[in-house]
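Trainee: Please take one part of this model and look at it closely. I would like a connected account of how the pieces meet.

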Amino acid sequence: MTRTAITATAASILALGLAFGPAPALAAKTSASIGMQLEPPNLDPTGGAAAAIDEVVYANVFEGLTRFGADGSILPALAESWEISEDGLTYTFKLRTGVTFHDGSGFDAEDVKFSLDRARADESTNAQKALFADIASVEVVDPATIKVTLSQPNGSFLFNMAWGDAVIVAPETAADNAAKPVGTGPFTFAEWVKGDRVDLARNPAYWGEPVKLETVTFKFISDPTAAFAAMMAGDLDAYPAFPAPENLVQFEADPRFAVIIGSSEGETILAMNNKKAPLDNILVRQAITHAIDRQAIIDGAMFGYGTPIGTHFAPHNPAYLDLTAQSAYDPEKSKALLEEAGVSDLTLSLKLPPPSYARRGGEIIAAQLREVGIDTEITNVEWAQWLEDVFKGKNFDLTVISHTEPMDIGIYGRDDYYFQYADPDFQAIMADLANASDPDKRTELMQAAQQKIADDYVNAYLFQLPRTGVADAKLKGLWPNSPTQANDMTGVYWEE
Amino acid sequence: MTAYLLRRFLSLSLSLVAASLVIFLVMEVVPGDPASFMLGINADPGALAALRLQMGLDEPLPLRYITWVAGLLQGDFGVSYTYRVPVSELISERVMISLPLTLYALALSTLIAFPAGIIAAARRNSAADLSVMGATQLGVAIPNFWFAMILVLIFAINLRWFSAGGFPGWDAGFGPALKALTLPAIALALPQASILARVMRSSLIDTLDEDFMRTARAKGLSRSQALWRHALRNALIPVLTIIGLQFSFLLAGGIIIENVFYLPGLGRLVFQAITQRDLIVVRSVVILLVFAVIVVTFLVDLAYAAADPRLRRQRR
């Protein structure tokens, strides 16, 4: 009796296994499922800073007046063309016609006015409100023309309008975009199974060239081991920002996959609290930068992926200055500087947020600092804790963090920013930059800014965060770099 | 019985009030501001203030507690800070995965444990007993997340019979949904089955040694007849206790397995909500789990009474 029960159980389990056997191979693939580590908290890019929001909807569901291309250049999007007045204060955008929102309503200049006014309003919760700060007025000239007047010239205005936070939304649907995004992009929002995935479908009424994929699924798999298994099992077609660089070797060895290494906008830094003794002493900060061996951190924490940087600027940007030599690894110099500063028996707190670059990199940094006689107290913190304690409370000496927004050197001019630099000379460079529209002049100022923060040893600049992705070898058209936080699926297709 | 039920109900309510207070205060003490989490490190201070106002984060503490409890009593769990949808909606979506997974795992665990435990007890020290004991020893020792990864390696990566994880949703049909839950359920069930089988065995052995079993045999029942008719029912009390505990454990504790298989269940909801400081969601899910555990304990008490008439009489 009992034996039969066991046999029956075993048989039914086996049968279950057989019934769930492999699915028949599909015909020509027109769908792609893309893995992401974090789930977006909502799908409204104008109401939150989470990178995951833009990674789902940017360029896919929502479009702005301008947009980022794969190489970081600024391309026309909903604005077909534009004219800038002599004084750099008036931008007249010629809008595309025949564009409709996903709910069927038409797009015109009124929508642009609504979106820009909403983003810069007092009660706006747009995380990047600063992008709109220079707008003095937005005027509808005719349904296909909009005139934006600035209060002061801003050389990066077109760049600002390409951000995910500056996308154009419709007044009727703006309030519901968090759960049901309605944009003008080539994909429409289909479904969001919270905690699992977001499905997008091809927009048949798209104004531009129709996309090749019929459906795109973004799946949220945070655990690196699970992400690896999902790729290996074929559940995912691509994982553009794969969380575990240690697994990339295995993918490289497998002909089914292509490993895509690109660069991101993430300057990874060892941030220092510039107002807290003894870090208020430039000699101590300089000593710390010389104690750090960037390549050892890249090899140890990033498995060799990553470009060393010597200032807060992306190396792929044409205006980048390579200043790594100025803060080259030199433990002897570091010790001498500490002696000159009269500092001994130094113990500093080092707070590490969750990403592996910070946790692993932090351990290596601690070991390197010990070599020059600086002890560290490492505390691992969660993101929310980091924001509260380090970012808001400025209760830290050192922390490792990657600043992933594009062109964010301006944070060094902010009053009361967490590393507490806010040097007036630097702020003056930033003010000049905002007023400059001549490309050569802008490059010169951007380089001056890079040099200034390197000379002041504000932070120790470690490396540019790589974008390490993996994809099915037949899936083409994914962005190798991430000039902004996005998974632009518009050019993605399956190779026959 | 009525007085007993009333007493139980009163203690149940007191536990809930105490739990709600503890949960609320703990979440207040934890550092981290949900608004700054949402807007990130480039956030504009004005936007942050506007969002805090919108989320009601600047209201005084007691007022927020009362608002929350009053809402709970009316079945209103509030609106999630991050997802911006009603928490009840989020929970009901997740329960539709966590509850079936728990029941699936519990069913598997019972299906494996009962026969194994009974055989081991009935043929004590036989080869069957030794192999059951050996296997369950292993089953208790193996961490379930490790076992889960091995299952993924074999059945998803090598054999490709299953997906490595994820859940297609019940809309995709009963078969695919059940299939997606199969590996996680097995991973969850194995350690539980091992524990249960061992408890079943020792409890049954204890019962088989009792005087009434000798009497039953003396009346002319065969060994197996005596076992099925008399011993099993009496041996069930400790087994039921374990099943009750396991249910609560599986419902609340599937979090690691949910992460390994990236299932959008309750455990992952809480985990995600804690890191995002979505306090409303954390509070509501935790109070709901507390409620579920209390209710299950109560049901197990009732089941005792059904299994053992002596308990029924005492309680009257």
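Mentor: Start with the two domains of chain A, whose C-alpha centres lie 34 Å apart in this predicted model. Domain 1 covers 63–171 and domain 2 covers 266–466, according to the domain assignment. Where they touch, domain 1 of chain A gives six residues and domain 2 of chain A gives seven. On the domain 1 side of that contact, two residues are nonpolar and four are polar. No charged residue appears on that side.

Now turn to the contact between the chains. Chain A puts in 51 residues and chain B puts in 54. Three elements of chain A give two or more residues each to this side: α1 (2–19), α5 (224–232) and α11 (383–392). The largest share comes from α11(A), with eight residues. By class, the chain A side holds 23 nonpolar, 14 polar and 14 charged residues. Charged residues are thus present here, whereas the domain 1 side of the contact within chain A has none.

Next, the partner chain. Chain B has 14 helices and zero strands. From the N terminus on, its elements are α throughout. Its C-alpha atoms fill a box of roughly 85 × 60 × 35 Å along the principal axes. Of the 316 residues in chain B, 39% are buried. Look at the contacts in chain B with a separation of 6 or more: 71% of them join residues 24 or more positions apart.

One helix pair in chain B deserves a closer look. Two packed helices are described by the angle between their axes and the distance between the axes. Take helix α12 (residues 266–275) and helix α13 (residues 279–307) of chain B. Their axes come within 8 Å and cross at roughly 145°. The crossing of α12(B) past α13(B) is left-handed.

Which residues make this contact? From α12(B) come B:Leu266, B:Leu269, B:Val270, B:Ala273 and B:Ile274. From α13(B) come B:Val281, B:Val282, B:Val285 and B:Val286. By class, the contact has nine nonpolar residues, with no polar and no charged ones. Set that beside the chain A side of the contact with chain B, where nonpolar, polar and charged residues are each present.

How values were computed
Residues numbered from 1 in each chain as written. Chains lettered and ligands numbered in written order. Predicted model: local features only at pLDDT ≥ 70, side-chain atom pairs only at ≥ 80, totals over all residues. Domains from an automatic or database assignment. Contact = placed C-beta atoms within 7 Å. Nonpolar A, V, L, I, M, F, W, Y, C, P; charged D, E, K, R; others polar. Helix = DSSP H or I, 4+ residues; strand = E, 2+ residues; numbered from the N terminus. Buried ≥ 20, exposed ≤ 12 C-beta atoms within 10 Å, placed from the backbone. Axes fitted to C-alpha atoms, helices over the stretch in contact; angles between N-to-C directions. Left-handed = near helix turned anticlockwise from the far one by under 90°.
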